[in-house]
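Okay, thanks for coming, everyone. I've got one structure to walk you through today, so let me put it up on the screen.

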Amino acid sequence: MLIDSAQLETFAAVVDEGSFDAAAQRLQVTPSAISQRIKALESRLGQVVVMRGKPARPTAAGEAVLRLARQVALLEYEAIAAVQGTVDALRLPIAVNADSLNHWFLDAMLDLSEQFPARFVIHREDEEYSAEFLRNGTVLAAVTGDPRPVQGCRVVPLGKMRYLPVATPEYADRWLAGKPLADALGEAPLIVFNEKDVLQHRLIRKLTRRRLDPPVHAVPAAGAFHQAVSIGLGWGMIEDQVADPAIAAGQLVTIAPGKYLDVPLYWQHWKLESEVLAALTAAVLRAAATSLRRS
């Protein structure tokens, strides 16, 4: 059974853009043509591959087809480049956690863009969850916190990000002074990035050996998260590269001196003999080596 490459391209466009109409605009065809291609693909496979919603999403069967579509697009790009010398920009969907994106991953993107006409499509996701984007075919590579390879992927260690528990001096005086830290942490407000961010609660358990339920503010943007801590809204775990200068300037203090959490990061990517993927991996490793801890 052969699958038409135009059908694969159309299916990936529908998933990427979230609707048949938006996919039609991207591919410069009519919405009717998009619908016909998807129906033909589903007829050939005997499976529904797209959930018609807002946004359109792949079904369980569609996830396998989406992985194939990504791989075919990458290999076609390289084959055309080898024959013609010049090609249109390649879309590279990648999952990256927010802190890596803010501090070191952009260097890898710049590095690769100087070698290939790549168009990055970044999916921001917590490192503990980003591997799921590889499983369902959304991305071809991801920065993850999981050393276990997703089926069909390779894993390369990148290093560790160190996080320090910090707050303003005024916050520390108000909420933490004059009482045992284990008691204070049960009442002191803290900042999390979102519901997936468990760093603060991990540190609490490390320090107290207890599960506490303090007041929580969710601030789902890296810059705003840092600002929330810096104005005294709560304490939070901040990367040492950001926290250390503020501590040295007296703007922040560590709420548990000498305590920190190291988060190992890994680069997972599909097992493809691809020049672009190899160059991307090399660029990521170079960027990580300048920013992440090795031990």
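So, how many helices and how many strands does the protein chain have? The count comes out at 13 helices and 11 strands. Before I go on, please keep in mind that this is a predicted model.

Let me start with the overall picture. Put a box around the C-alpha atoms, along the principal axes, and you get roughly 70 × 40 × 30 Å. The chain has 295 residues, and 47% of them count as buried. On the outside, the chain exposes about 14500 Å², with 51% of that supplied by carbon and sulfur atoms. For contacts, take the ones between residues at least 6 apart in sequence: 74% of those join residues at least 24 apart. As for charge, there are 31 positive and 33 negative ones, and their mean positions sit 5 Å apart.

Now the inside. Which residues touch the most other members of the largest nonpolar core? That core has 60 residues, and the ones to look for are L92, W104, F105, L158, W235, W267 and L280. Helix 13, residues 275–291, gives this core its largest share, eight residues. There's also a second core, separate from that one, with 19 residues, among them L8, A13, V49 and V50.

While we're on the inside, have a look at A108. You'll find A108 in helix 6, which runs over residues 105–113. Is A108 buried or exposed? Buried, because its relative accessibility is 1% and the cut-off for buried is under 20%. And what does A108 touch, leaving out residues up to four places away in sequence? Its partners are A283, V284 and A287. Take V284: along the chain A108 and V284 are 176 residues apart, yet their C-alpha atoms are separated by 5.0 Å.

Okay, on to salt bridges. As a reminder, side chains of opposite charge can pair when their charged atoms come close. In this structure we've got 14 salt bridges, and I'd like to show you a few.

First up is R70 with D16, where the closest N and O atoms are 2.7 Å apart. Why does this pair tie together separate parts of the chain? Well, R70 is in helix 4, residues 60–84, while D16 is in helix 1, residues 5–17, so the bridge spans 54 residues of sequence. R70 is buried, at 9% relative accessible area, whereas D16 counts as partly exposed at 27%.

D16 has another partner too, R91, and that salt bridge comes in at 3.5 Å, N to O. This one also links distant parts of the chain, with R91 in strand 3 (residues 90–96) and D16 in helix 1, 75 residues apart. R91 is partly exposed, with a relative accessible area of 23%.

The next pair is R154 and E273, with their closest N and O atoms 3.6 Å apart. R154 belongs to strand 6, residues 153–167, and E273 to the loop between strand 11 and helix 13, so here the parts tied together are 119 residues apart in sequence. R154 is partly exposed at 34%, and E273 counts as exposed at 69% relative accessibility.

Going back to D16 for a second: which residues are joined into one network by salt bridges that share partners? They are D16, E17, R26, R70 and R91.

Last topic, some backbone details. The peptide bond from K54 to P55 is cis, with omega near 5°. P55 is in the loop between strand 1 (50–51) and strand 2 (57–58).

Then there's Q28, which isn't a glycine but has a positive phi of about 60°. Where is Q28? In the loop between helix 2 (20–27) and helix 3 (31–45). Q28 is exposed, with a relative accessible area of 73%.

R209 is another non-glycine with a positive phi, about 60°. R209 sits in the loop between helix 10 (199–208) and strand 8 (216–218), and counts as exposed at 73% relative accessibility.

That's what I had, so let's go to your questions.

Methods: Residues numbered from 1 in each chain as written. Predicted model: local features only at pLDDT ≥ 70, side-chain atom pairs only at ≥ 80, totals over all residues. Heavy atoms only, no water. Helix = DSSP H or I, 4+ residues; strand = E, 2+ residues; numbered from the N terminus. Buried < 20%, exposed > 50% of the residue type's maximum accessible area, 1.4 Å probe, protein only. Contact = heavy atoms within 4.5 Å. Areas by Shrake-Rupley, 256 points an atom, 1.4 Å probe, with all protein chains shown as cover. Lys, Arg positive; Asp, Glu negative; His and termini not counted. Charge placed at Lys NZ, Arg CZ, Asp CG, Glu CD. Core = buried A, V, L, I, M, F, W, Y, C linked by side-chain atoms within 4.5 Å. Salt bridge = Lys/Arg side-chain N within 4 Å of Asp/Glu carboxyl O.
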